[in-house]
Every structure is written in structure tokens, then in C-alpha cells.
Amino acid sequence: MVVLRDAVVLVGGFPLLSGVNLDLDPGTLTVVTGANGAGKTSLLRLLGGLVTLTSGAGTVSGVDLKSGDLRELRRRVGWLGHEGSFYDDLSVRENLTFAAKALGRPTEEIPRVLERVGLTSRTTTTAKLLSAGQRRRLGLAWLLLRRPETWLLDEPYASLDDEGRTFFDELIAEVVRSGATVVVSAHDPLRSSSLRPRTLTLAGGLVVGDVS
Amino acid sequence: MIRIALLVAGKDLRIERRSRVLLWQVLPFGVTALVLCGLALGPLHAGNSSAAPGLFYLVMLLVALLMINRAQVIEGSPGTRASVATLGLDPAGVFLGKALALAVELWLTGVVVLAGSVLFLHTALSGTLSALPSVVVTLAALAAAGTLYGALSGGGQGPATLLPMLSLPAFAPLLIAGERSFSDALHGGSLWRWWVISLVALAAYLAIGILLYGVLEES
Amino acid sequence: MIKTLSQRLLGPVTLVLLALTFWLGLWVTPPDKVQGNLARLLYVHPAIAWVALYVSFGTAAIASALYLWKRTRSVVMDRVAYCAMEVSTVFIILTLITGSIWGRPTWGVWWAWDARLTSTAILGLFELAYLALRRANDDPDLRARRCAVFAIIAAINVPIIHFSVDWWNTLHQGATVFTENGNLLVHGIMLWTLFISLFAFTLLFFWLLRARYRLEVLRATRYDVALDEALAQRRREGVH
């Protein structure tokens, strides 16, 4: 569940979001599109508790963006950035083990999750040796391990091949079906027709288009 | 808090062991700096100099600056920072873990630089050994302070140049306390008050770090 | 009413008291038996040091602590801390300069590794570092938090530095006004001049702080106007 009212985010004196209104229900997929600098990444970072709300109001997964504990919000939502990895000098397994232990979660699920994202053969590979697509899969593995109620995927399709895109589409569809709120930022509309997402267009830090 | 601290310390040390920056860059730098100190003292004073304890700590301060920057670089890329932020880790635990990892690295480097001091500056081995406990405490205080200053300078403009500016004034009492207790140990005496300075500084930095490390986090 | 009056009078009263201090210090008081005219620094140096080390730095440290405490966190505390620290830096530099002027004939060198001189200099470095940190962060909220933590670290370091340097080396002139038994060493007009100077320089600090604070408010207003403009422009990007 996501609610934003006149959300303004200023960082270093620059307005990234200039008054966003948004309502997202559980079990829905929303694609945020827009030109470079339109505010897509900032919107996802705001929902993920990675930037603070300057003015306006909002709640994400039950946490108030203005007065709530952003650290708690970060734990509740799953955010995946462009780079999608933790530590470059740790292996795939070590990265996941660190993250799981940090949140006090069992590490037994790691092999299953790695298999789901197709990284079983890369378990001991250092993260910095992974390709962009593989790094994103590692990030997804982490989200699958946590199963958050809100998924925020920032440009998950960037520099992915066709197989990678299909894989992401399928996985996103599965997550939406399980009842999670999923927000994806992307330059182009999603290719897969099975998902039928709601598409928001951003420009100048505002929502300027909303097509369901 | 302790669980997170041990996890973070283990992670930092594992990354350090894998990247070998400590082994191939920091340790040689420490020894090189010590040799340069000997050259700066001149042929008459380089051996058996009363300046040796002070030079040891001066070298350790420079080494600490390198390591603090290095510890920041580990979390440096925006992707890593944001990914780690999503874990919502307890900041007090993160602080303690990073300080512990830095302390371990400083202790290891300290042993090598002390050996260099015995070799190049002719400090007495027995005196150097008896200085070890105070060196351990002072370097731990340096690690706790350095972790705080690393977080203070991180992410702003010119963090690598801001760090020495922020940290060196605070390192001054540690330098004094460390140098005095090391000198005392070399001359067979031991003054508790230098220990007190290092211990009080260690306790103060640990307390500030545990209470306020979260405040320093970037939004 | 009283507030407005005191604000209006702060400047003139400060100037009158400073003028009185200089008149008493330079013309009315007699030269010292031992130190001669050099002793006239007694009417300037201790007062400046008092403001630098206690009044201004103390104000900055307390305002920083109040900023860090959630209940009293406000932009006012951040501004007071910053402005007080900036004024304090000026006073610290003046303390070191007047101290050196005293030290040259007394110790024979402009700089001596005296405990109080050294610890004052280290505190001065802390304050310069604070100002550097202030300029290194653009985000006002992050800057305020980091600077407040740094000011607290500096404040906690003050006693640590004091004792470490004190045990390390002490040349500084001991108690001047009172003996260790609390008996007066300085008498009559000299004592009065000293007290007036302490009061005058303390008022000078608050006057400067107020002026600096006003400047900071103006700067913040300009920043807010620039933000509003940036926000409006950003919204126009979205509309067109």
C-alpha cells in the first residue's frame, strides 16, 4: 500500500520531486516512465526510505514518510537499484549470507533462491566479476529471500538481453500475483502483454500521465 | 548490536583480506614512512632517538587516515550504499563493527611498524614490548575516533581531503598520550595518567559513536 | 518592549564599555611593577580568551547538543551553533595573537609549547575543521546533523586535550587575579578594568552573534526564495 500527497523532495537545494500524488494498491504493478531526470529514480528512492520527504505527506507499507522510522521502512520494502549488488569484493553467496544474517533470517534458503534467479553456477564468483544482468539477478535473489510487501525496481531492464527481460517479466508477474505492490521504473513500456500494468508518466518531478 | 557489530567487522575484514590493500599498500607505506622519518632525523639522530615513540604514532596516524578512507571506499559506490541502507542495520552495531575491524587492522600494522622502529630507529626491544598494552589501547581509541570521522567526512565534497582536517586535531591528545606512555615504557617507568587519557578518549569515542553514528547517515 | 530595548542598546553599550576598557587600560591604570606596560594586555587577553574558550564555544556546543536532542531540534539551534562557532574562531585567533604578543617578551619566542597555548590552538583547529565541514555538505539537514555531532566531539575533547597538554608541558602564567588561597593579587582600578573588559568582550560576542545570526537568516531566506523558484521551474518542466 502506497499513498503520496503533494510529495516534494529537495536534495542539495534541487527539487527532485515537485508535488507527486499517488495511490497504489496491493497486488498491482505500476510502471513509472519518463525522460532522464524526470524523477523516476527519486520517486522509487522516496518510497524506499532512501531520501527524506521535504514537504507533503505519504505512507508506504504502513510507515509514515514524514514522522515514521525510515530504517524500519527500508527493512519492509524491497528496493533494487541499477547496480543491484552489495559488496564488490564479496562472492554472490557471501553477499546474500551477510544480508540474511544482518536481518536475522535463515541462510538455508539461499541455494533455492540462487537457483530461482539462475545464479547457481556463480555462487562463489566475486560480485565485481558479474555482468550487469547477473548483478541485477543477485539483487533479485536478495529480494526473493526477504519477500517484502512492496517491491521497488529501479530500471531493472537496463542493459538486459531478451532472455533477461523475459526472466524479469515472469518474476514480476509472479510477485504481483502473490499480492505484493510492485513499482518498476523504465524508459520504455513493458513488452510483455500478460502483465497489464498501470503506467505513470513523470516529467519535472510531477505525475503528468496515468494510464491503467 | 553486538551481533551486527561482529557481522560488520567480519565483513570488513574479509573484504580487506581478499583485496589485500592492507598487505600490499598500507603496510609498505607504514614502513616507508618510518624509514623517511629516520632520514629526516639525520644520520646522527636516526638510531636510538628519543623521537622514536612520537614518530611511531605519527606514522600510525598517517596509516589510520589511509585505512579510514579505505573503509569508506568499501561502502563507497552509490549502489552499495543504497543496497546496504535497505538492510536498515542498527547504526550503533555498524559503528562498533567498523571500529573493531579498523582496530584489528591498526593493531596488525602497528606490530609491523613497531618492528620497523626496533630495526631502523633502534628502540629497545624490551621497552617496545612493554609498551604494547598502551599501544593496543591508543590504537583502539584511534580506530573508534577514525570511524566517526570517516562517517563525518563521507559523501560530502572532497571527503579524502576533509578527513585529515577533521581528524587530526582530535588525534592530538592520543598522539601525546601514546608517545608519553611509549617513552615511559622505554625508560622503564610507567605513568598511569597517559593510560587514563587513552582510555577516556576510547570510552568517549565509543559512547559518541554508539549514540550518534545514526545521526551521521546520509538520507 | 524590554527585549526590543535591550536589542537596541546592545551595540551602543558594548561600544561604550569597550571604549571605557581601552581608556582605563591604556591611560588610567598604572604600569605593572614587574611586567611594565606589557601588563596592560591583562585588560584584553584574558577577556578575549574567556569569550573564545567559554562563552562562544560553550554557546556553540550547547546549541549543537540542543539540535541533536529531538525535542529541541530546530533550525534556530543549528544557526546559533554555526554563528557562535564562527565568532568563536575569530576570538580564538585573537587569543593566540594577544597571547603571542605577551609571550614574545616573557618567554623570548612568539610561540612556545605551553600547555594552555597548545590546547587553545588545538581547539582553534577543531573550529576551523567545523567551518570546513560546514562548507563540505550542501544538504542543509545533513550538514546540520554532522556539524552538531562534530561540535559535541570537539566539546568532549576539550577536557581531554586540556589534561593531556597540561601534563605534557606547562609554562603559562599561573593564576593572575587570585592566589590559590583565593586572595586578591590585582587591586583597585586594575581589577575594575579587568572586570569591565570581561563584561565588554562578552557583550561584544553577543552583539556579533546577533549580527551574524541576522545575516544567516537573510541567507536562509534567499536560499528559500531560490528553492521556490527552482520548484516552480521544475513544475513548469512537467506541465509543458
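**Exercise 1. Describe the make-up of chain C in this predicted model.**

Solution. The starting point is the secondary structure: chain C of this predicted model holds six helices and zero strands. Reading along the sequence then gives the pattern α-α-α-α-α-α. For its extent, the C-alpha trace of chain C spans about 80 × 45 × 30 Å along the principal axes. The next step is burial, where 36% of the 240 residues of chain C count as buried. Finally, among the contacts in chain C with a separation of 6 or more, 76% are accounted for by residues 24 or more positions apart.

**Exercise 2. Work out which parts of chain B touch chain C, and with what kinds of residues.**

Solution. Begin with the count: the contact takes 26 residues from chain B and 26 residues from chain C. On the side of chain B that touches chain C, the elements giving two or more residues are α6 (125-153), α7 (159-186) and α8 (192-216) of chain B. Of these, α7(B) gives the most, with ten residues. Sorting that side of chain B by class gives 19 nonpolar, four polar and three charged residues.

Before reading such a contact residue by residue, it is reasonable to look at the confidence of the prediction. Chain B averages a pLDDT of 88, and 96% of its residues score at least 70. Among the elements of chain B, helix α5 (residues 91-120) has the highest mean pLDDT (94), whereas helix α4 (residues 78-85) has the lowest (78). Where pLDDT is low, the predicted coordinates should not be read in detail.

**Exercise 3. Decide how the radius of gyration of chain A relates to that of a compact globule, and describe how the chain is built.**

Solution. A compact globule of 212 residues would have a radius of gyration near 17 Å, and because chain A has 17 Å, the two agree. The C-alpha atoms of chain A fill a box of roughly 45 × 35 × 30 Å, taken along the principal axes. Within chain A there are six helices and ten strands, and 51% of the 212 residues count as buried. As for contacts in chain A between residues at least 6 apart in sequence, 67% join residues at least 24 apart.

**Exercise 4. Identify the elements and residue classes with which chain A meets chain C.**

Solution. In this contact, 14 residues of chain A meet twelve residues of chain C. The elements that supply two or more residues to the side of chain A are β1 (2-11), β2 (14-24) and β10 (206-211) of chain A, and the largest share, four residues, comes from β2(A). By class, the side of chain A that touches chain C has eight nonpolar and six polar residues, with no charged residues.

**Exercise 5. Trace the open six-stranded sheet of chain A and explain what sets its edges apart.**

Solution. The strand order of this open sheet is β6-β7-β8-β3-β9-β10 (chain A), and the pairing is mixed. The edges are formed by β6 (77-80) and β10 of chain A; each has a single partner strand, so one side of each is left without a neighbour in the sheet. Direction ignored, neighbouring strands of this sheet are turned by 20 degrees against each other on average.

At the β6 edge, β6(A) pairs in the parallel sense with strand β7 (residues 150-154) of chain A over four bridges, and Leu80(A) stands opposite Leu153(A) in β7(A). Helix α5 (residues 132-146) of chain A packs on the sheet here, touching β6 and β7 of chain A, and its direction makes about 175 degrees with that of β6(A).

**Exercise 6. Is strand β8 of chain A mostly covered or exposed, and which strands pair with it?**

Solution. Strand β8 (residues 181-185) of chain A is mostly covered, since five of its five residues are buried. In a regular strand the side chains alternate between the two faces of the sheet. The faces can therefore be taken in turn: Thr181(A), Val183(A) and Ser185(A) on one side of β8(A), and Val182(A) and Val184(A) on the other, are all buried.

For the pairing, β7(A) and β8(A) run in the parallel sense over five bridges, with Val182(A) as the bridge partner of Trp151(A). Strand β3 (residues 29-33) of chain A also pairs with β8(A) in the parallel sense, over four bridges, and Val182(A) is the bridge partner of Leu29(A).

Terms used. Residues are numbered from 1 along each chain as its sequence is written. Chains are lettered from A and ligands numbered from 1 in the order in which they are written. The radius of gyration is taken over C-alpha atoms; the globule rule is 2.2 Å times the number of residues to the power 0.38. A residue is buried if 20 or more other C-beta atoms lie within 10 Å of its own, exposed if 12 or fewer, and partly exposed in between; C-beta atoms are placed from the backbone. Two residues are in contact if their C-beta atoms, placed from the backbone, lie within 7 Å. Ala, Val, Leu, Ile, Met, Phe, Trp, Tyr, Cys and Pro count as nonpolar, Asp, Glu, Lys and Arg as charged, and the others, Gly among them, as polar. Two strands pair if DSSP finds at least two bridges between them. Axes are lines fitted to C-alpha atoms, for helices over the stretch in contact, and angles run from 0 to 180 degrees between N-to-C directions. pLDDT is the predictor's confidence in each residue, from 0 to 100.
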